[in-house]
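Q: Could you walk me through one part of this structure up close? I'd like to see how a strand sits among its neighbours.

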Amino acid sequence: MRIAILSRNSALYSTRRLVEAAEQRGHEVDVLNPLRCYMDINARESSIHKHGKELPVYDCVIPRIGASVTFYGTAVLRQFEMIGSYPLNESVAISRSRDKLRSLQLLSRKGIGLPTTGFASQPQDIPDLIDMVGGAPLVIKLLEGTQGIGVVLAETRQAAESVIEAFMGLRSHFMVQEYIKEAGGADIRCLVIGDKVIAAMKRQAKAGEFRSNLHRGGSASLVKLTPAERATAVKAAKTMGLNVAGVDILRSNHGPLVMEVNSSPGLEGIEQATDKDVAGQIISFLEKNAKAHKTRTKGRG
């Protein structure tokens, strides 16, 4: 197959591993910076260009689109979809999962466990917002934040009010969530491919930190999932419409709670913690499903 990987940095571990896994299986791979791609959109024959030349038609596309370029990156991916390339994750699913508030609303509608979450825009609603999530301590998250940036633990009601007022004053969009104390500063990253969790790791926050992100100095270790945790992760990925997802789960006294569903999960931490060939399993998924996609597309013609 001819595979395109949409990535702004070909040297990143995840991008390199996907290239390596694809080439080992005899596929041709091009790494394309989505910001350097541009589109010809017309009623006859739409196309994608880069450096003054039209790009070939790829059998499939692996989007590794950073949160900061979601709008343009998903537009490029949508163009690939229009000309017949099979996407590992569809553009609409990526956009859906990147909207933290919308994704929680969709997960809630499906009855998937979540930390109690509040969202408001007016200062007079702050007291009720804090009560809604069980009071302090509580977590305040910027909707645009990634890798733990823009996430604040307010340990007292006064601190919570101050942070919320500051975010409102800056006209930032944020949500307030209950603090799951029993999680002990740890979460579980489940790597879902298709309808299975193929790898999982426990991420533990470093001393004095409540955010377990590896980018924030957290550590990763192998973990055994319960059947409920596996089912929750798969259902969360399916709710977002993602074929491949990193589902972050907290262990609480009332079952697994989904914090976030990531459409471009990093591979380094989970491959090292589990010693599994996650990149290879992603390419195997593409091999199976791109072929079926091509058959369906020909049938429509």
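A: Let's start at the hairpin of strand 12 and strand 13, where two residues lie between the strands and glycine 194 has a positive phi near 65°. Keep in mind that this is a predicted model. Right beside that turn, isoleucine 193 faces lysine 196 of strand 13. From there the pairing carries on: strand 12 (residues 186-193) and strand 13 (residues 196-204) run antiparallel and are joined by eight bridges.

Now look at the other partner, strand 15 (residues 244-252), which pairs with strand 12 through six bridges, again in the antiparallel sense. One spot to find on screen is valine 192, which stands opposite alanine 245 in strand 15. What holds pairs like these together? Strands in a sheet pair through backbone hydrogen bonds, and they can do this in a parallel or an antiparallel way.

Next, check how covered strand 12 is. Eight of its eight residues are buried, so strand 12 is largely enclosed by the rest of the structure. To picture the two sides, remember that side chains in a regular strand alternate between the two faces of the sheet. In strand 12, one side carries Ala186, Ile188, Cys190 and Val192, while Asp187, Arg189, Leu191 and Ile193 sit on the other. Both faces are covered, and the residues on each side are all buried. Notice that Asp187 and Arg189 are on that list too, buried along with Leu191 and Ile193.

Conventions: Residues numbered from 1 in each chain as written. Predicted model: local features only at pLDDT ≥ 70, side-chain atom pairs only at ≥ 80, totals over all residues. Heavy atoms only, no water. Buried < 20%, exposed > 50% of the residue type's maximum accessible area, 1.4 Å probe, protein only. Helix = DSSP H or I, 4+ residues; strand = E, 2+ residues; numbered from the N terminus. Pairing = 2+ DSSP bridges.
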